[in-house]
Amino acid sequence: MDEKAMRYVSAPRRRRWILERLQETGFISVASLAQDLAVSDMTVRRDLRKLEERGEVRVVHGGVSLLHGPMHNPAFAARSDLESAAKAAIAREAHEFVGPEDTVAIDAGTTAYAVARALSSDFAGTVVTPSVPVIQLLLSRGRVRVVALGGELLHESQAFAGQMTVDAVKGLRVGTLFLGAAAVDERGVYVATDNERPTKLALIDVADRVVLLADHSKFSTAAPVLLCPLDRIDALVTDGPLPVETEALLRHTSTSVILARPERSA
């Protein structure tokens with residue numbers, strides 16, 4: 001539906017549309033809703049108040065999240081809304097690596113979380129994860145076996161980390177690890193804090209295949225902690241394009257590059 005048509009739909013239909021979007025993304029900002037629905041911020045806020053009064057959503061600073069969904073941390077929710085179309089496209093492409101009964105590991109982070117959301121309804125495999133949002137999401141997927149990696153909870157990333165988490169990885173084996181990153185360049189994959197590094201390296205070590213998830217912004221930003229060189233990565237899923245130096249090194253390491261195309265708004 002185009003923007004002009006969206007402007008004139010009824011309030012109940014707008015609210016149904018908002019709930020459908022929340023099921024896909026977990027969090028949406030008021031500004032994004034106003035733009036997508038082609039209505040004012042005030043109209044969006046009225047719709048959100050009605051949904052909150054019915055107990056269907058939770059209105060937070062700057063936007064709205066699912067009341068019983070995994071997005072309880074405002075910082076995580078806000079990051080999830082950044083480049084949300086790119087993350088959803090990357091998740092759709094990454095899903096091609098998942099068989100119906102595979103054992104996969106899903107890293108912490110908002111792009112990896114998008115992969116969990118994209119799992120097919122008939123997926124009956126096993127998910128290994130340190131991510132609290134992923135764990136909470138999969139509580140509603142009765143056919144999925146979840147191996148939760150415990151340890152110290154990092155509130156900013158909403159993930160478990162530390163030696164207990166690393167120890168929990170030992171003895172496991174996963175077919176595919178969906179790995180998140182804070183930044184990527186020709187030197188390798190970077191993370192934001194050193195606390196994250198041991199868990200991610202442990203998961204890389206037990207994975208038969210490592211699939212890096214990185215939207216285009218990760219190639220033009222910086223992060224302080226080098227996680228691993230690019231030759232530890234089997235495939236990269238991105239919405240591109242890649243910097244010339246990084247693309248050349250990926251060819252040299254025989255890393256597959258899958259380009260995801262975000263869907264245009266109807």
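# Questions about a predicted model

User: Hello! At what angle do helix α2 (residues 11-25) and helix α3 (residues 30-37) pack in this predicted model, and is α2 parallel, antiparallel, perpendicular or oblique to α3?

Analyst: Good place to begin! Helices α2 and α3 pack with their axes 12 Å apart, at an angle of about 125°. Angles over 145 degrees count as roughly antiparallel and 65 to 115 as roughly perpendicular. The angle here fits neither class, so α2 is oblique to α3.

User: Is the crossing of α2 and α3 left-handed or right-handed, and which residues of α3 are met there?

Analyst: The crossing of these two helices is right-handed. From the α2 side, Arg14, Trp17, Ile18 and Arg21 take part. The residues they meet in α3 are Leu33, Asp36 and Leu37.

User: Which strands stand at the edges of the open sheet with the order β1-β3-β2?

Analyst: This sheet has three strands with antiparallel pairing. An edge strand has a single partner strand, so one side of it is left without a neighbour in the sheet. From one strand to the next, the twist averages 20°. The edge strands are β1 (27-29) and β2 (57-60).

User: Which residue in β3 is the bridge partner of Ile28?

Analyst: Let's start with the strands: β1 pairs with strand β3 (residues 63-66) in the antiparallel sense, over three bridges. In β3, the partner of Ile28 is Val64.

User: What angle does the direction of α3 make with that of β1?

Analyst: Both helices we began with come back here. Helix α2 packs on the sheet, touching β1, β2 and β3, and its direction makes about 120° with that of β1. Helix α3 also packs on this sheet, where it touches β1 and β3. For α3, the angle with the direction of β1 is about 75°.

User: What is the order of the strands in the open sheet that contains β10, β11 and β13?

Analyst: The pairing in this three-stranded sheet is antiparallel. β10 (183-185) and β13 (225-228) each have a single partner strand, so they stand at the edges. The twist averages 35° from one strand to the next. Reading across, the order is β10-β11-β13.

User: Which helix packs on that sheet, touching β11 and β13?

Analyst: Look at the pair of strands first: three bridges join strand β11 (residues 188-191) to β13, and the two run antiparallel. Within this pair, Val191 stands opposite Val225. The helix that packs here has a direction making about 10° with that of β13. You can find it at residues 197-205: helix α10.

User: Where is Glu186 found, and is Glu186 buried, exposed or partly exposed?

Analyst: Glu186 is found in the loop between β10 and β11. Its relative accessible area is 39%. Buried means under 20% and exposed means over 50%. The value for Glu186 lies in between, so this residue is partly exposed.

User: What distance separates the C-alpha atoms of Glu186 and Leu230?

Analyst: Along the chain, these two residues are 44 residues apart. Even so, Glu186 touches Leu230, along with Glu245, Thr246 and Leu249, when residues up to four places away in sequence are not counted. The separation of the two C-alpha atoms is 7.4 Å.

User: How many bridges join β9 to strand β12 (residues 207-213)?

Analyst: Strand β9 (residues 174-179) is mostly covered, with five of its six residues buried. It pairs with strand β4 (residues 103-106) in the parallel sense over three bridges, and there Ala105 stands opposite Leu177. β9 also runs parallel to β12, where Val174 stands opposite Ala207. The number of bridges joining β9 to β12 is five.

User: Is Thr165 buried or exposed?

Analyst: Thr165 has its place in helix α9 (residues 163-169). Leaving aside neighbours within four places in sequence, its contacts include Pro130, Leu149, Phe160 and Thr199. Its relative accessible area is 0%, and so Thr165 is buried.

User: To finish, what percentage of the residues in the protein chain is buried?

Analyst: Let's step back to the whole chain, which has eleven helices and 15 strands. About 13000 Å² is exposed, and carbon and sulfur atoms supply 50% of that area. Among contacts with a separation of 6 or more, residues 24 or more positions apart account for 61%. Of the 266 residues in the chain, the buried share is 50%.

Technical notes
Residues numbered from 1 in each chain as written. Predicted model: local features only at pLDDT ≥ 70, side-chain atom pairs only at ≥ 80, totals over all residues. Heavy atoms only, no water. Helix = DSSP H or I, 4+ residues; strand = E, 2+ residues; numbered from the N terminus. Buried < 20%, exposed > 50% of the residue type's maximum accessible area, 1.4 Å probe, protein only. Contact = heavy atoms within 4.5 Å. Areas by Shrake-Rupley, 256 points an atom, 1.4 Å probe, with all protein chains shown as cover. Pairing = 2+ DSSP bridges. Axes fitted to C-alpha atoms, helices over the stretch in contact; angles between N-to-C directions. Parallel < 35°, antiparallel > 145°, perpendicular 65-115°, else oblique. Left-handed = near helix turned anticlockwise from the far one by under 90°.
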